[in-house]
Amino acid sequence: TKLEIELRSAIENALFIPHYQPQYRVDTGLLCGVESLIRWNHPCRGMLSAKEFIDTAEESGLIIQIGNQVLIDVCSTIAQWNMPEDFIVGVNVSSLQFFQVGFVDFVINTIRRAGISPQRIEIEVTETMIMHDTEIAKTSLEQLHAFGVGVSIDDFGTGYASLTYLRDFPVQRIKIDQRFVQGHTENHKDMAIVKAISTLGHDFGMQVIAEGVETQEQLRSLEMVGCDLYQGWLRSNALPAASIEKLLAGAIVSH
Ligand code: G
Ligand code: G
Ligand code: MN
Ligand code: NA
């Protein structure tokens, strides 16, 4: 297809630009990390968000090359940042990329080459990805964890993995899907889900982060259920690397 041809050319010309959505502590409101979200600097259509091409990238398999480029870019970019010890940079990986032979070595080598601490990076996987092949997923995540890389479960609550996997896998953070976060101030069942995920996460020794926070009211009720961190348009969309570098240079960030 046309989009696929354009994607190939974008890979060759390195037109995928990671942006970074800030993450904040619920209790202090201070910046504590970012999630990298890819944008395509399209020659005619401008800066395109991932949802406009991620499906085609997955279906064509091009997401593997794009994802690898993104990780290299993110690691070398954040090597320039002046980050506090506990600052975390989340990177989304697709199933195809994650299950590709050599993925773990690729991550380790990319981090080593960039000269950053593995603790700065967190790989975001989904329940659906884990369920695709639980044995390989467990081995890979344990290897990444042993190297020092963090693991979070993205879109938590929307997939179909059993809680056994959450118990048995080396996961540091749960990301509550935005549909629960956005529904939870009006719908008491969504509220119950957010509360249950927070409690479970804490009992498992994990941090819990809410995604897609758009209103002050949503933030307040996250505070009530004890959710640790949040990201969303209430505070900031994904920003170019230079903006995050400025925030880190000027801002008070969490410790
Ligand atoms: O930023 P946006 O709302 O357009 O993102 C849409 C989807 O694309 C989200 O599910 C997000 O996780 C995914 N996505 C964004 N950046 C990346 C990336 O670098 N790699 C992969 N695999 N998915 C990404
Ligand atoms: O699947 P994943 O959680 O990685 O996707 C994150 C997606 O959520 C990105 O596409 C990003 O653009 C989008 N996003 C980030 N903050 C908000 C928000 O506050 N509201 C909504 N509706 N989407 C958001
Ligand atoms: Mn994500
Ligand atoms: Na998500």
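## Helix α5

In this predicted model, helix α5 comprises twelve residues, 103-114, and its end C-alpha atoms lie 17 Å apart, which agrees with the 16 Å expected at 1.5 Å a residue. The expected span is 1.5 Å times one less than the number of residues; helices are DSSP runs of H or I with at least four residues, strands are runs of E with at least two, and both are numbered from the N terminus.

F103, V104, V107, I111 and A114 of α5 are buried, that is, 20 or more other C-beta atoms lie within 10 Å of their own, whereas 12 or fewer makes a residue exposed, with C-beta atoms placed from the backbone. The buried residues cover an arc of only 110 degrees around the axis, which puts them on the same side of α5; the arc is taken over the directions from the helix axis to the C-beta atoms. Exposed D105, N109, R112 and R113 occupy the face turned away from that side.

The cover over the buried residues of α5 includes α3 (63-78), α4 (95-98), β5 (121-126) and α7 (134-147), contact meaning C-beta atoms, placed from the backbone, within 7 Å. G115, just after α5, adopts a positive phi of about 75 degrees.

## Hairpin β2-β3

Strands β2 (residues 31-42) and β3 (residues 46-49) pair antiparallel over four bridges; pairing requires at least two DSSP bridges. Three residues separate the two strands of this hairpin, and L48 in β3 is the bridge partner of W40.

## Basis of the model

Residues are numbered from 1 along each chain as its sequence is written, while chains are lettered from A and ligands numbered from 1 in the order in which they are written. For this predicted model, local features need pLDDT of at least 70 and side-chain atom pairs count only at pLDDT 80 or more, whereas totals for chains, interfaces and linings use all residues.

Notes:
Two residues are in contact if their C-beta atoms, placed from the backbone, lie within 7 Å.
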